[in-house]
Amino acid sequence: MAASTDTTAAPSTTLRHASGNILAFFILLLIGVLAFSIRLFSVIKYESVIHEFDPYFNYRVTQFLTKNGIYDFWNWFDDRTWYPLGRVIGGTVYPGLTLTAGTIWKVLQSLNISLSVETVCVFTAPVFSAFAAWATYLLTKEVKGAGAGLTAAVLLAMVPSYISRSVAGSYDNEAVAIFALIFTFYLYIKTLNTGSLFYATLNSIAYFYMVCSWGGYTFIINLIPMHVLLCIVTGRYSSRLYIAYAPLVVLGTLLAALVPVVGFNAVMTSEHFASFLVFIIIHLVALAYYIKGILSPKMFKVAATLVISVGMVVCCGVVAVLVAVVASSPTKGWSGRSLSLLDPTYASKYIPIIASVSEHQPPTWPSYFMDLNVLAFLVPAGIIACFSPLSDASSFVILYIVMSVYFSSVMVRLMLVLAPAACILSGIALSEAFDVFTRSIKFYVSENLQNEAGDGASASNVSMENNDKKEELLKERPSKKNKKKEKVVVEESSKKKKTEKRPLVLPVDTSIFALFLIVLLGAFYVVHSVWAAAEAYSAPSIVLTSHSPEGLHVFDDFREAYAWLSHNTEVDDKVASWWDYGYQTTAMANRTVIVDNNTWNNTHIATVGTAMSSPEKAAWEIFNSLDVKYVLVVFGGVVGYSSDDINKFLWMVRIGGGVFPHIKEPDYLRDGQYRIDSQATPTMLNCLMYKLSYFRFVETDGGRGYDRVRRTEIGKKHFKLTHFEEVFTTHHWMVRIYKLKPQKNRIRGKTAKKSRSKSSSTTTTRTRTLTKRNPWH
């Protein structure tokens, strides 16, 4: 009978398992469709266009790659940026995004699917968001099972923090980097659970793709060593841990060094030293375990002493070398952004160019609720669930959430790294809670069915069972000692049954109410995520909109200005602006810029900031020395656009003053306040940025000169420009373009005035007086 029941149960279990896998597969397909479609609001509501600033550079590089090929891409020297320095594109860019989009375009072309490069770039981020959701499923499945994995995948597909960087048109490095991050973590956990060298090799390749895609790869190469060290300290070392970590350090570092923008930084910068130190430690621990297995306890103590002594000497030597390398660097081997994460006040003190970027500012508490919503409240429950039971995989997830919470609290951009961890832990919490509540309801239903079925049969069987028990007791008449022993055995067995971990069962009313709350929270999360995708994060920054009682207003001033530059200036003309608009000017207007969003040369940016902060004549001399022909400023005082250059002006002063000491921030402040009204300082009212922004501004509102962003009347209303001339202002006054006036010729001699008034017959006199036409060249 037992054999027959086993044989019948095995096929049913296999069938149930197969049907579960098929159902999970179709659910994952729907999750992928959801992740892709929720990011299409920007295309549906507006148009298929590249968003923000950095994506325009990536789009321009991708165009060059598809047109000229991979070899020209690696050797491309771009002379249209950072004039007159230029930029080596192949050696200064993370190529993962560009190569991915270029490969997709090439494959589509080979399949006779004719899509433009721009279309492929626009939809790359939504496609990889589906991949990221599937990778989240795989990672969470390794930690807590398929149910938690599906829940985490659904949450990641809709989390607003990730949507903000992956909507259609957001062609930035994070579009593919978040998928690479999650997939690398999945392969690490998979190797840790299986001890497979095959998965370890795949993990190194995934890490290589992450290095190609984003500078945030340093988060991986520091988080994994921290987890390995945690496992060693807590006594959880195993051969699986060694296989998961050692190939990653060796093969992953070698592959990372192949990326030109990384190069020898993979072994020479402080961001990577933690992985090498843990690499030495894990080998010492592996050696100790190996020696312990082949020696007796006494010999092991002697050998352990020797190994520890040698290990300490080796570690001291390595630390001495690292200290020497680090001490030779003014930043101790750390990059500016890394130091900003370790010391949140570092950038504001020493590198204002980093502190000036809005996404490098610390987030506010409402931003956590905006970007995570209910996940912020589910994460603690997920952490508790990971402790029951605590495994290597669950400890990694706990460490992941702790570190990502810290880094996201320092820099709002890293909310993007926090989002996958929050989704994983929230998926675990919801899955565990759903399991408890449904099990409680099932237990209640099955108990009622058993009671109803057993009422009729129990009455007839009770008497027969009692007679049988009496006969058995009469046959076995044990002694008093045997009775005591039997009582002890029965009590011990009952205690064991009680102490055995039985599933948690809650009252049915509580379970139903809790399930209703979970569904309600899920509905609220869906509504908030759809609203964030449709309204908050879908609008492209290059095309702005506003709503009023009159209807929808569209501000397309940026493209209007770039189109004017493209059609009304010479190809070799140089355009100066603040670095925020460099990528767009190069990509859309095809004109040479002085600085752009790469921000690799602080001195060059400080020069532009100094020019904007200087009086008109001094600014003209600076721009003229850089061969600038046009100056572009963004002004929002007419329409209320708050991200204009006047609001960014103090950062220009700080960055310029960091290199050129004669620019001092207090000169632009009145009693410590930044003002542009009648109380503004003379230095502020006479600087170039003020004049270029507010020139003819009083003509917009009948002479009042009211700034809608600063909500005040400007201080200096009527003035003329002596060294610059206005050549174009967009329809809503958001972008203003000025041209440098040519330098007047210097004339020597007393006959200068007479030579101007004489007729053309006096050519000999004019040639004698105009001996030096242009002293600037």
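This report describes a hairpin, an open sheet, a helix contact and a cavity in a predicted model.

## Basis of the description

The model is predicted, so that local features need pLDDT of at least 70 and side-chain atom pairs count only at pLDDT 80 or more, while totals for chains, interfaces and linings use all residues. Residues are numbered from 1 along each chain as its sequence is written, and side-chain values use heavy atoms, with hydrogens and water left out.

## Hairpin E3-E4

Helices (H or I, at least four residues) and strands (E, at least two) are DSSP runs numbered from the N terminus. Two strands pair if DSSP finds at least two bridges between them. Strand E3 (residues 544-548) pairs with strand E4 (residues 551-555) in the antiparallel sense, over 5 bridges. The two form a hairpin with 2 residues between them. Within this hairpin, His547 stands opposite Leu552 in E4.

## Open sheet

An open sheet of 5 strands follows the order E6-E5-E7-E13-E12, and its pairing is mixed. Strand E6 (592-593) and strand E12 (724-729) stand at the edges; each has a single partner strand, so one side of each is left without a neighbour in the sheet.

At the E6 edge, strand E5 (residues 574-576) and E6 run parallel and are joined by 2 bridges. Lys574 has Thr592 in E6 as its bridge partner.

## Contact of H20 with H25

Two packed helices are described by the angle between their axes and the distance between the axes. The axes of helix H20 (residues 365-372) and helix H25 (residues 508-536) come within 9 Å and cross at roughly 100°. Axes are lines fitted to C-alpha atoms, for helices over the stretch in contact, with angles from 0 to 180 degrees between N-to-C directions. H20 and H25 are therefore roughly perpendicular to each other (65 to 115 degrees).

In this contact (heavy atoms within 4.5 Å), Phe369, Met370 and Leu372 of H20 meet Phe524, Tyr525, His528, Trp531, Ala532 and Ala536 of H25. By class, the contact residues are 8 nonpolar, 1 polar and no charged. Ala, Val, Leu, Ile, Met, Phe, Trp, Tyr, Cys and Pro count as nonpolar, Asp, Glu, Lys and Arg as charged, and the others, Gly among them, as polar.

## Cavity

A cavity is a set of points on a 1 Å grid over the protein atoms alone where a 1.4 Å probe fits but cannot get out; lining residues have an atom within 4 Å of a point. The count comes to 1 cavity of 30 Å³ or more, and the largest cavity has a volume of about 30 Å³.

Its lining includes Tyr207, Ile221, His272 and Phe276. Helix H13 (239-256) and helix H15 (273-294) each supply at least two lining residues, and the largest share, 3 residues, comes from H13. The lining has 5 nonpolar, 4 polar and no charged residues.

Definitions and conventions. 1 Å grid on protein atoms, 1.4 Å probe; cavity = no way out; pocket = protein on both sides within 12 Å on 5 of 7 lines; lining within 4 Å. Points joined across faces, edges and corners; volume = space filled by probe spheres on them. Parallel < 35°, antiparallel > 145°, perpendicular 65-115°, else oblique.
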